[in-house]
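Morning, everyone. Please bring up the model and the sequence on your screens. I'll walk you through the chains, then the domains, then the cores.

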Amino acid sequence: MILLNSPLHQTLLDAIREAETEGNCHKWNKVLKTPNSSFADGFLAILDYGFPKGVFANSPFHELDEWLLKAEAWRRDILDPAATHDVGSLVLYVLWEQFRSTLIQLLRKSRLNSEIPQSGGLLVFVGGLSKCLIMRYEMVGETATLQAVGIVQDPKSVFDFWGAIDQVDMKTRDELKTILASGHKLVVHRGILVHVDRLRDFDVFGPSIDTLVLAEILSQEIFESKQLRCETAMEIGCGNGLLTAAIASNCESIRELFAIDTSFSAVSCTQRNVFSSGRFITRPQKLSVYLVAGPFRPSLINRRFDLVVCNPPYIPLPPTMMTETSQVADYFQAVGGTSLIQTVLESVHILLRPGGKLLLMASSLSLKETLSLIPNDCKVFTPLGEKGLEVIFDVYAVLKRPEWVQYLRESCGLIQQGNLYFHTLHPIWVELTAG
Amino acid sequence: MEKTVILRFRDLVTEEGGTIRDHASLLEKYGEVWWGWWMRPYEIPPRPLFQELSNRIQKQGGLIGYLFDTGSTRLYSAHISRILMAPLENGIPTPEPERSPSYYHRGRYPAWFLLRSLKEVNFLDLKFIYDSFPTMPELQGTLAQLQGKRVSSLEQMRQIDVTLWVVQTEQ
């Protein structure tokens with residue numbers, strides 16, 4: 001669970017405590033219904049508060065997951081006029097209503113802008129990335145039906161539900177199989193729906209667990225805290241566009257947003273996802289979004305930014321493959337090598353205004369090299385601490401090259417456990433000190 | 001005599017007769033259809049009434065309610081098999097989108113009635129006695145003289161500015 005002490009999280013937590021002491025959920029309802037906090041993660045607040053205890057002590061559910069899987073049917077019981085409601089049930093009801101209405105709005109917009117299928121599966125990451133809800137949806141006119149079919153605890157990859165498949169009944173197994181076999185990847189995180197059509201966007205990277213970790217940190221440390229007044233931002237290597245879409249939608253102060261990717265498909269995918277998730281009409285001030293297809297060059301955009309985010313390729317190449325990269329496809333370049341890390345860190349002074357911040361994803365596979373490239377006059381913060389977050393290494397472009405895997409294991413610390421490989425994510429804030 | 005509800009509606013988002021036609025067509029397809037009850041901003045949802053009706057539905061398997069089209073002054077009877085009500089003031093979206101007309105899909109309503117039948121009835125064949133106006137408790141005083149009196153005409157009902165009338169009728 002990623003929990004970074006954001007003020008909005010504290011407000012939500014206080015609202016649950018108030019429900020317990022006051023016996024009503026007015027504050028909880030008010031905070032969750034505020035349009036500006038539509039990316040708020042109420043599940044994280046409940047997990048942090050503790051379930052089932054306090055206000056939830058009378059809940060018929062022993063665990064939050066049990067409720068999540070039965071929430072749609074349970075909701076009907078709550079709506080029965082003859083039913084009596086304890087305040088804990090109302091807290092859960094408000095959260096579920098807000099959650100499902102956000103999902104339906106996102107699906108409706110994505111159906112218009114991004115041509116998502118009539119029915120299919122959604123992977124919804126909640127609770128500070130501690131849960132991946134696998135949900136089935138079906139569009140009905142301008143709305144949709146939703147049903148949670150499985151939950152992955154502490155997902156270590158976006159598609160980390162192999163374990164879940166073994167533990168579920170045949171019907172759920174079939175549902176999960178259908179979602180997996182679909183040509184569409186729909187990932188939801190904090191009010192953003194990213195759609196990747198695997199046929200059309202075949203060379204678009206992610207969304208991977210790395211991107212989700214960065215999105216969670218941005219949510220808690222930038223969007224929810226508002227400590228950094230962020231008017232200009234850029235994402236370098238936008239891929240599917242999750243981070244660009246999150247900044248466009250959830251960063252209240254943003255005015256100018258740039259996203260660049262070497263792949264045309266990635267930029268096109270980013271455009272669809274930004275416009276599907278964006279709440280542009282309701283923004284108090286105008287936002288300009290500039291999308292650039294082409295290699296990143298520090299001097300390309302004559303601007304200094306408040307915020308730069310980058311989930312770069314961080315997988316070191318074995319010396320024998322160094323010469324190959326210039327001749328292979330964009331997708332390969334989006335995966336291997338560490339040259340973008342070097343380019344970005346060397347241009348921090350050109351990219352950031354004084355006080356501006358770069359959020360960069362690093363991996364244990366190339367952490368030493370990354371840290372050594374950070375300019376001395378910059379402040380460095382590691383939101384996940386020194387330990388980082390261990391995740392599954394599931395980059396197929398690498399896994400299909402045994403000599404590359406061997407190099408990573410022997411020289412870069414890639415860990416093998418059974419049939420799986422693991423590495424550790426180390427997101428890093430690099431701040432250009434003012435003056 | 002039994003207590004029941006008459007719900008006000010008008011073809012505001014459909015062509016004339018469209019509200020009933022859309023519901024009837026889903027009723028024919030699924031055997032049931034959801035009717036969204038809207039109320040005016042100055043009305044309040046009558047929880048005790050809905051609780052009472054809901055308990056009766058559970059005991060009897062349903063009850064007959066009425067739908068009053070104030071635009072065409074037509075009356076319909078409906079077999080109500082379930083009532084759902086928003087526990088808070090935000091309203092609730094359609095409980096089953098496929099079993100509710102599409103114009104409901106983006107809205108939230110204070111209550112939903114699941115209908116198993118729907119047919120036009122002649123007001124003159126029925127006997128309604130005014131019971132109460134729970135969506136506007138402040139009207140109770142003004143309209144006290146109507147309580148216990150027979151509803152004289154649909155026009156008389158129309159002029160009482162509520163979206164839900166509670167009446168006594170012979171079921």
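In chain A, take the contacts with a separation of 6 or more: residues 24 or more positions apart account for 76% of them. Keep in mind that this is a predicted model.

Now the overall form of chain A. Its secondary structure comes to 16 helices and 14 strands. Along the principal axes, the C-alpha atoms fill a box of roughly 70 × 50 × 40 Å. How does the radius of gyration of chain A agree with that of a compact globule? For 435 residues, a compact globule would be near 22 Å; chain A has 22 Å, so the two agree. As for burial, 46% of the 435 residues of chain A count as buried.

Next, the domains. The domain assignment splits chain A into domain 1, residues 7-182, and domain 2, residues 203-432. Their C-alpha centres lie 28 Å apart. How many residues are in contact between them? On the domain 1 side there are 19, and on the domain 2 side 23. Look at the domain 1 side. Two helices of chain A, α1 (7-22) and α5 (87-114), each supply at least two residues there. Of the elements on that side, α5(A) gives the most, with five residues. By class, the domain 1 side has nine nonpolar, seven polar and three charged residues.

Hold on to α5(A), because we meet this helix again in the largest nonpolar core, where α5(A) provides the largest share, 13 residues. That core has 127 residues. Which of them touch the most other members? They are A:Ile16, A:Val91, A:Leu218 and A:Val308. Both domains of chain A take part: the core draws at least three residues from each.

Zoom in on A:Val91. Leaving out residues up to four places away in sequence, A:Val91 touches A:Ile16, A:Ala19, A:Cys25, A:Trp28 and A:Val55. Apart from the 127-residue core lies another core, of 43 residues. Among its members are B:Tyr109, B:Phe128, B:Met136 and B:Leu164.

That brings us to chain B. Where does chain B meet chain A? In this interface, 20 residues of chain B are in contact with 18 residues of chain A. On the chain B side, α2 (47-60) and β4 (74-85) give two or more residues each. There, α2(B) gives the most, with five. The chain B side has ten nonpolar, seven polar and three charged residues.

Note on methods
Residues numbered from 1 in each chain as written. Chains lettered and ligands numbered in written order. Predicted model: local features only at pLDDT ≥ 70, side-chain atom pairs only at ≥ 80, totals over all residues. Domains from an automatic or database assignment. Contact = placed C-beta atoms within 7 Å. Helix = DSSP H or I, 4+ residues; strand = E, 2+ residues; numbered from the N terminus. Nonpolar A, V, L, I, M, F, W, Y, C, P; charged D, E, K, R; others polar. Core = buried A, V, L, I, M, F, W, Y, C linked by C-beta atoms within 7 Å. Buried ≥ 20, exposed ≤ 12 C-beta atoms within 10 Å, placed from the backbone. Rg over C-alpha atoms; globule rule 2.2 N^0.38 Å.
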